[in-house]
Amino acid sequence: MRLPLGPVVIWLLRRVVIAPAMILLAAALWILLPLWLIVVAALAPVLPGRWRLLRILWLTVVWVTAECVLLVILFGWWLASGLGRRIRTPYWQGVHYDLVHGLMYVVFREARRVLTLRIETDGPSPAAHPGRPLIVASRHAGPGDSFTLIHALMHWYHREPRVVLKDTLAWDPSVDVVMNRIPSRFVSPGKGGSQDVESQIADLARDLDTNDAFVIFPEGGNFTPERRQRGIDRLRRLGLERMARRAERMTHVLAPRPGGLLAALAAAPEADVVLVAHTGLDHLLTVRDVWRELPTGKVIVMRWWQVPRDEIPDGREAQIEWLFAWWERIDVWVAEHKPQEITRGRSRRTAEVA
C-alpha cells in the first residue's frame, strides 16, 4: 500500500532535491556540450528532418540554463529579503515580475527562432485597455500556447499576470519558487471540492491593480478527444443534458467549467474580461509531437475579444449561458484558423519580438 506524501515531504523534494538537481543538470549539459555536439553531428545524416536533434538539444540547454539562472537569482533574493521575510512585499513582487519577464523573453525568442514560428494577433489586445484591470479567460491548447499567452501579456502589453495553475506544475522548481512569491494559485481540481478551488480563485482575483491581468483557463486542461468526451459525460451525469448537447457540437474546445471564472467575476467586479483563442501549437503536447514536427514552421494566431464589464450579465445561470455562448464562438474561430505553415501564412497584424 502506497502512502500519500505529506506537504512537508513534497516541499522538501521540490526545494532540496529537485531544485539542486536542476542546477547540476545545467552544469553537466554545458560541460558535456562538445560531446553532445559530436553525437548530434554523427546522428544527423541518418535522422529525418532538418537538424531535429540539434534543435532539441539547444532548446533543452536554453531551458535548463534559464531554470538554473532563475533558481540562483531567486536564492540570492531570498537571502537579500531577510531570509524571505520581505519577499512578498510590493517591491520584491515587482522585481520578481521583471526577472520572469526577462528570462521568458530570452527563452521565447530562442524557441521562436529554433522552431521557426511566427506570431499573429487579431482583435483588440490588452494594450487597448489602459488603466483597467482584466480577467483573461483563455482557451487551453497545450503548454506552448499557454507560455505564449503569458509572454504576450508581460512583454507586449506590460501586464502583471496572476495565474491559476494546476498543482502538478509546481514540480518544476523555478515555477514552484516564483509562483509562490507573486500572486498566483496552484489548485487541485480533483481534491478538496469545487468550493475550495473557487474560494482560492476568488482570493487571487481580489484587489486587482490597473496593470494586473488575472489569467484563468476555464476548460481546466489541454484539449484532447478523451477529455472532451469526459466533459460531455460529466455534464450528462449532472443532469445538464442541454449543455451536454451544446458541448458535443463544440469539436475543437472542451466544455468550459464555469465555477472558477464566475468566482473571479464576483471577486473583481471592476474588471473587464478579455477572451483569448489561439491556434498553431495545439497538437504539440508531448516530446514526441515536437520531435515529429521540428522545425514546426507554424504560424501561431492569437485572437483577443474585449467584453466590457457592463455587458456581462448578472446571476450565475446567465453568466454560465454567456460563457458557453462565448466558447461556442471560440470553437467556430478555431475551426476557421487551422494551423498553417509559415510560408503560407499572411499576417493581419504580426506581433514581432525585437
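Modeller: The second largest pocket is lined by Trp 11, Arg 15, Ala 19, Pro 20, Ile 23, Leu 71, Val 72, Leu 74, Phe 75, Trp 78, Val 177 and Arg 181. This is a predicted model, where local features need pLDDT of at least 70 and side-chain atom pairs pLDDT 80 or more, while totals for chains, interfaces and linings use all residues. Residues are numbered from 1 along each chain as its sequence is written, and side-chain values use heavy atoms, with hydrogens and water left out.

Biologist: What makes a residue part of the lining of a pocket?

Modeller: A lining residue has an atom within 4 Å of a point of the pocket, which is an open set on a 1 Å grid over the protein atoms alone, with room for a 1.4 Å probe and protein on both sides within 12 Å along at least five of seven lines. The second largest pocket holds about 360 Å³ of space, taken as the space filled by probe spheres set on the points. Two or more lining residues come from each of α1 (7-31) and α3.

Biologist: How do the lining residues divide into nonpolar, polar and charged?

Modeller: Into 10 nonpolar, no polar and two charged. Asp, Glu, Lys and Arg count as charged, Ala, Val, Leu, Ile, Met, Phe, Trp, Tyr, Cys and Pro as nonpolar, and the others, Gly among them, as polar.

Biologist: Why is α3 called roughly antiparallel to α4?

Modeller: The axes of α3 (residues 52-80) and α4 (residues 90-114) come within 10 Å and cross at roughly 170°. Angles over 145 degrees count as roughly antiparallel, under 35 as roughly parallel, 65 to 115 as roughly perpendicular and the rest as oblique. Therefore α3 is roughly antiparallel to α4. The contact (heavy atoms within 4.5 Å) includes Trp 58 and Leu 70 of α3 and Leu 99 and Val 107 of α4. Its residues divide into 17 nonpolar, one polar and three charged.

Biologist: What makes α1 and α2 oblique to each other?

Modeller: The axes of α1 and α2 (residues 33-43) cross at roughly 60° and come within 4 Å, and α1 and α2 are therefore oblique to each other. Leu 29, Trp 30 and Ile 31 in α1 meet Leu 33, Pro 34 and Trp 36 in α2.

Biologist: Which are the edge strands of the sheet of seven strands?

Modeller: The open sheet has the order β1-β7-β6-β2-β5-β3-β4, with mixed pairing. β1 (118-122) and β4 (184-187) are the edge strands, each pairing on one side only.

Biologist: How do you know that β3 and β5 pair?

Modeller: Pairing needs at least two bridges found by DSSP, and four join β3 (residues 160-166) to β5 (residues 212-216), which run parallel. For Pro 161, the bridge partner in β5 is Ala 213.

Conventions
Axes fitted to C-alpha atoms, helices over the stretch in contact; angles between N-to-C directions.
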